[in-house]
Amino acid sequence: MHVQKLENEIHDLQQYTRKDNLEIVGIPETKQENLLVVMEAVAKSINVDFKKEDLSIVHRMPTAKGSSSIVAKFSSRSKKIEWIAAARKMKGIKSTDICNKLPRSDVYVNEHLSPYYKRLLGKAKSLKINKKLTFVWVRDCKIFVKKSEHSRTKRIMNEEDLNEYNN
């Protein structure tokens, strides 16, 4: 039990370092791209104001699927939250909304989860696909689930938390 508690704390600390970050998936990488220009185009497509001072750093990260995503660290958490809310409100962004010269693909603006929490989210989503969970979502870099519409919300912190839904 003590080891599990320490592991949870390590995972939470790893995630905490990403709390001011967004991950943007689905924008193909182009030669000599300027990620500040890309971020400005994303901002315009989701109707948020863009100032380069709002960003601490922006860079590409390789994904498990062999492409890359954009990770943007914001200088304020409230600005990151504003981008997430605006992207959710759009209900579907296409790469062509950002630049009409890009091949058309879906673009997702997500919380930047650590590899551990990404795997955990994937397992929770699998349970949803298999109808063992009704709702799976991420808010403030934390994973939440509900078994049914009327059940209690539960925060998922490790695989053991998901075991009760595997039956």
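## Pockets

Which residues line the second largest pocket? In this predicted model, the lining is made up of I27, P28, T30, E33, N34, V37, V38, A41, I98, C99 and L102. Helix α2 (residues 35-45) gives the largest share, three residues. Sorted by class, that lining has eight nonpolar, two polar and one charged residues, and the volume of the second largest pocket comes to about 150 Å³.

Now for the largest pocket, with a volume of about 1400 Å³. Its lining takes in 40 residues, and V25, Y108, N110, L121 and K125 are the ones that lie nearest the centre. Two or more lining residues come from each of β1 (21-25), β2 (55-62), β3 (68-74), α3 (77-90), β5 (106-111), α5 (115-129) and β6 (135-139). The class split for the largest pocket is 19 nonpolar, ten polar and eleven charged residues.

## Nonpolar cores

As a bit of background, nonpolar side chains in soluble globular proteins tend to be buried together. Here, the largest nonpolar core has 25 residues, and I24, I27, M39, I70 and W83 have the most contacts inside it. At least two residues of this core come from each of β1, α2, β2, β3, α3 and β5, with α2 supplying the largest share, six residues. I27 turns up twice, then: in this core and in the lining of the second largest pocket.

What is I70 in contact with, leaving aside its neighbours within four places in sequence? The list runs to L22, E23, I24, I27, L35, V38, M39, V58, H59 and R60. There's also a second, separate core of 16 residues, including L113, L127, V136 and V138.

## The five-stranded sheet

Strands of a sheet pair through backbone hydrogen bonds, and the pairing can be parallel or antiparallel. In this model, five strands make an open sheet with antiparallel pairing, in the order β2-β3-β1-β5-β4. At the edges sit β2 and β4 (93-94), each of which pairs on one side only.

If you want to look at one strand pair, try β1 and β5: they run antiparallel and are joined by four bridges. Across that pair, L22 stands opposite E111 in β5. L22 is also one of the contacts of I70.

## β6, β7 and β8

Moving along the chain, β6 and β7 form a hairpin with two residues between them. Their pairing is antiparallel, over five bridges, and R139 has K142 in β7 as its bridge partner. In the turn, D140 has a positive phi of about 55°.

On to β7 and strand β8 (residues 154-156), which also pair in the antiparallel sense, this time over three bridges. I143 stands opposite I156 in β8. Is strand β7 (residues 142-146) largely enclosed or largely open? Four of its five residues are buried, so β7 is largely enclosed by the rest of the structure.

## Positive phi in two loops

Two more backbone spots are worth a look. Q32 lies in the loop between β1 and α2, and its phi is near 55°, a positive value in a residue other than glycine. With a relative accessible area of 80%, Q32 is exposed.

K131 sits in the loop between α5 and β6. K131 isn't a glycine, yet its phi is positive, at about 65°. Is K131 buried or exposed? K131 is exposed, with a relative accessible area of 74%.

Terms used
Residues numbered from 1 in each chain as written. Predicted model: local features only at pLDDT ≥ 70, side-chain atom pairs only at ≥ 80, totals over all residues. Heavy atoms only, no water. 1 Å grid on protein atoms, 1.4 Å probe; cavity = no way out; pocket = protein on both sides within 12 Å on 5 of 7 lines; lining within 4 Å. Points joined across faces, edges and corners; volume = space filled by probe spheres on them. Nonpolar A, V, L, I, M, F, W, Y, C, P; charged D, E, K, R; others polar. Core = buried A, V, L, I, M, F, W, Y, C linked by side-chain atoms within 4.5 Å. Buried < 20%, exposed > 50% of the residue type's maximum accessible area, 1.4 Å probe, protein only. Contact = heavy atoms within 4.5 Å. Pairing = 2+ DSSP bridges.
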